[in-house]
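Subject: Structure handover

Hi,

Here is the structure I promised to pass on to you. Have a look at it first, and then read on for what came out of the analysis.

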There are 2 protein chains.
Amino acid sequence: MSRMNETLLRESNLKITKNRLQILELLQHSSAPMTAEEIYITLREKSNLNVSTAYRILSVFEDKKIVIKHQGCDSKAYYQMFNETHKHYIICSECNKRVDITNCPLCELESKLEKETGYQITGHRLEFVGKCPQCQK
Amino acid sequence: MSRMNETLLRESNLKITKNRLQILELLQHSSAPMTAEEIYITLREKSNLNVSTAYRILSVFEDKKIVIKHQGCDSKAYYQMFNETHKHYIICSECNKRVDITNCPLCELESKLEKETGYQITGHRLEFVGKCPQCQK
DNA sequence: CTAGCTGCAAATCCTTTGCAAGAAA
DNA sequence: TTTCTTGCAAAGGATTTGCAGCTAG
């Protein structure tokens, strides 16, 4: 529902623009995190979106905690909706394809670590790396 | 002992050079993973090492499994000795300082995931993010 | 109208490469 | 000598920025 996204933008003090709505739609319907370039390529015709605009929108969304950003080992940044936040991935070392894993055994560990290290822990990143079925051939 | 590192290089079919020995020494004595630039800055006077040489040496070391490379959220690559491999970190979201955490509850999870996803899992990356004691002020 | 968005081109940051000179075996 | 390493400068890919025009409110 595009109406919901308009509200989301309004509540974040952001103007409602076609680009922003389309990026939201896209990320909401994507089964995997996307790079800025993937988003740009998907939307450039439909919306004639520019790459730098894509980066700018994603960056604002990150500040407003609408999306979160992962740094992939391929040194590209991957973006996904914030509400799907607590997910982890298996990443193919050949093609960089990502697959979700459900269930996270780590949250409990966090408070223990806070005591041990003095860090104020705000989150964690867990990624498994391997070869996906296709790349195993 | 620099003699050991000479053997290490010889066994990897690499010529023994001042730059390589100094980078090995440095990483062995560093308590945290280092970026190519940090290594370069530390060694440029002592060894008049060039940035691209640093990258090249680190890249060869990675191929030969002498070091491993992490991609940090600051989009810089961090290098450490391979033998210290199975470590995870807490990373300060302000200053990017890294602290080791001992003990890894995840290895068991891997085989379960292999069955579920069809991926051939070769490793994992686990990083906790938060604010280090200094940056909490 | 005004603040906030956008496109475009140029700039920046990290990393890689081409090439010719230099050092190890 | 032969092969591998290096320094330098230039190129590369991902991301950011300056600026002038545009658009939502």
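A term you will need straight away is the polar contact: a pair of N or O atoms within 3.5 Å, where within protein one must be able to donate a hydrogen and the other to accept it, and residues adjacent in sequence count only if both atoms are side-chain atoms. With that in hand, B:Tyr55 has a polar side-chain atom 2.3 Å from a phosphate oxygen of DNA strand C.

Some housekeeping before the rest. This is a predicted model, in which local features need pLDDT of at least 70 and side-chain atom pairs count only at pLDDT 80 or more, while totals for chains, interfaces and linings use all residues. Residues are numbered from 1 along each chain as its sequence is written, chains are lettered from A and ligands numbered from 1 in the order in which they are written, and side-chain values use heavy atoms, with hydrogens and water left out.

**The chains**

Chain A has five helices and six strands; here helices (H or I, at least four residues) and strands (E, at least two) are DSSP runs, numbered from the N terminus. Read from the N terminus, the order in chain A is α-α-β-α-α-β-β-β-β-α-β. Along the principal axes, the C-alpha atoms of chain A fill a box of roughly 45 × 45 × 25 Å.

How are chains A and B related? A rotation of 179° with 0.1 Å of shift along its axis superposes chain A on chain B, with an RMSD of 0.2 Å. That is the relation of a two-fold axis. In chain A, A:Leu126 has the C-alpha nearest the axis, at 2.3 Å. The superposition is by least squares on the C-alpha atoms of residues with pLDDT of at least 70 in both copies. The copies meet through the same surface, because 100% of the interface residues of chain A are also interface residues in chain B.

**DNA strand C**

There are 20 residues around DNA strand C, and A:Thr17, A:Asn48, A:Thr53, B:Tyr55 and B:Ala77 come nearest. A residue counts as near a molecule or strand if one of its heavy atoms lies within 4 Å of it. Of the atoms of DNA strand C that come within 4 Å of the protein, sugar and phosphate account for 66%.

Besides B:Tyr55, which reaches a phosphate oxygen, A:Arg20 has a side-chain N or O atom 2.9 Å from a phosphate oxygen of the strand. A:Ser52 addresses a base instead: a side-chain N or O atom is 3.4 Å from a base nitrogen. Two or more residues of this surface come from each of α2 and α4 (51–63) of chain A and α4 (51–63) of chain B. The largest share, four residues, comes from α4(A).

By class, the surface near DNA strand C has six nonpolar, eight polar and six charged residues. For the classes, Ala, Val, Leu, Ile, Met, Phe, Trp, Tyr, Cys and Pro count as nonpolar, Asp, Glu, Lys and Arg as charged, and the others, Gly among them, as polar.

**DNA strand D**

Which residues come nearest to DNA strand D? Of the 20 around it, they are A:Tyr55, B:Lys15, B:Arg20, B:Asn48 and B:Thr53. Sugar or phosphate supplies 64% of the strand D atoms within 4 Å of the protein, and bases supply the rest.

A side-chain N or O atom of A:Tyr55 is 2.3 Å from a phosphate oxygen of DNA strand D, and one of B:Thr17 is 2.8 Å from a phosphate oxygen. A:Arg56 goes to a base oxygen, with a polar side-chain atom 3.1 Å away. For this strand, the largest share of the surface, four residues, comes from α4(B). The class split is six nonpolar, eight polar and six charged.

**One residue to look at**

B:Asn19 is found in helix α2 (residues 18–29) of chain B. Its side chain makes a polar contact of 3.0 Å with the side chain of B:Ser47. Leaving aside neighbours within four places in sequence, B:Asn19 is in contact (heavy atoms within 4.5 Å) with B:Ser47, and also with B:Leu49, B:Thr53 and B:Ile57.

Have fun with it!

Best wishes
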